[in-house]
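Here's a walk through one protein chain, meant to be read with the viewer open. Spin it around a bit before you dive in.

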Amino acid sequence: MKEMNVLATDKNLLTLIYSSESHLGKQVLGYVQGVRSALRTVDVAKTRLGHTVWAGIAEGLDKDLGELFSPDAAETPDMGHDGSANFDTDDWLKLIDNNPALLQKPIAIKGEKFMQVTSRSEVLQFFGVDSAGLEKRNMGEAPTTSSTTADESFI
């Protein structure tokens, strides 16, 4: 398994961190692969992220590390009576290293903007891909599918 110890961000680079063991992760991957921008995808089931990378992601999302993961997606020890996980940062880092399925909600990064994706379509909004600039046409007429301004993105 490869290991990534540094996560470089760039306003022109779309980064998706996902787990191929997550249904939503695979769906979001399909959506972003159609984006015509520089794209980097990181599958945590194949590439282990360094602990400093995970800490940076949590900071970028303004969340505790444990909030990034879904403990019910894999067998995890030490679950509380209320179903919550009683883990510290080191515990979470060890768990994600061995259980990539814990990352059920992919993480999208563009420059200094971070987002944990909860639905397929919201990743396109995050990356600035929508139908803006399409002129309404009469039924039967072909739509404009090329950029009409400098800042538009099309799939």
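What follows goes from the overall fold to the sheet, then the helices, then a couple of loop residues.

## The big picture

First things first: this is a predicted model. The protein has four helices and six strands, and starting from the N terminus they come in the order β-β-α-β-β-α-α-β-β-α.

As for packing, 41% of the 155 residues count as buried. Take the contacts in the protein with a separation of 6 or more, and 65% of them are between residues 24 or more positions apart. The accessible surface adds up to about 9,100 Å², with 45% of that belonging to carbon and sulfur atoms.

## The sheet

Four of the strands make an open sheet, in the order β3-β2-β5-β6, with mixed pairing. The edges are β3 and β6, and each has a single partner strand, so one side of each is left without a neighbour in the sheet. From one strand to the next, the twist averages 15 degrees.

Let's zoom in on the pairing. β2 and β5 run antiparallel and are joined by four bridges. Ile17 has Ile107 in β5 as its bridge partner, while Leu14 stands opposite Lys110 in β5. β5 (residues 107–110) is in turn joined to β6 (residues 113–116), again by four bridges and again antiparallel. On that side, Ile107 is partnered with Gln116 in β6, and Lys110 with Lys113 in β6. The β5 and β6 hairpin has two residues between the strands, and Gly111 there takes a positive phi near 65 degrees.

## Helix α1 and its buried face

Now for α1, which spans residues 23–32. Which of its residues are buried? They are Leu24, Gly25, Val28, Leu29 and Val32. Looking down the axis of α1, these buried residues fall within an arc of 140 degrees, so they line one face of the helix. The spacing makes sense if you recall that an α-helix has 3.6 residues a turn, so residues three or four places apart point the same way.

What covers that buried set? The cover includes β2 (13–18), β3 (38–43) and α4 (120–126). The N-terminal end of α1 is capped by Ser22, with a side-chain oxygen 3.4 Å from the backbone nitrogen of Leu24.

## Helices α2 and α3

Helix α2 (residues 51–61) lies across β2, β5 and β6, and runs at about 90 degrees to β6.

Over in α3 (89–98), the buried residues are Trp92, Leu93, Leu95, Ile96 and Asp97. These pack against β4 (47–49) and α2. At the start of α3, Asp88 has a side-chain oxygen that reaches to within 3.2 Å of the backbone nitrogen of Asp90.

## Two loop residues to click on

Glu21 sits in the loop between β2 and α1. Is Glu21 exposed, or only partly exposed? Its relative accessibility is 46%, and exposed takes over 50%, so Glu21 counts as partly exposed. Leaving aside residues up to four places away in sequence, Glu21 touches Ala45, Pro100, Ala101 and Gln104. Pick out Ala45 from that set: Glu21 and Ala45 are 24 residues apart in sequence, but their C-alpha atoms are 7.1 Å apart in space.

The other one is Asp62, in the loop between α2 and α3. Asp62 is not a glycine, yet it has a positive phi of about 55 degrees. Buried or exposed? With 70% relative accessibility, Asp62 counts as exposed.

Technical notes
Residues are numbered from 1 along each chain as its sequence is written. This is a predicted model: local features need pLDDT of at least 70, side-chain atom pairs count only at pLDDT 80 or more; totals for chains, interfaces and linings use all residues. Side-chain values use heavy atoms; hydrogens and water are left out. Buried means under 20% relative accessible area, exposed over 50%, partly exposed in between (1.4 Å probe, protein chains only). The arc is that of the directions from the helix axis to the C-beta atoms. Contact means heavy atoms within 4.5 Å. A polar contact is a pair of N or O atoms within 3.5 Å; within protein, one must be able to donate a hydrogen and the other to accept it, and residues adjacent in sequence count only if both atoms are side-chain atoms. Two strands pair if DSSP finds at least two bridges between them. Axes are lines fitted to C-alpha atoms, for helices over the stretch in contact, and angles run from 0 to 180 degrees between N-to-C directions. Accessible areas come from the Shrake-Rupley method with a 1.4 Å probe; for residues, only the protein chains shown count as cover.
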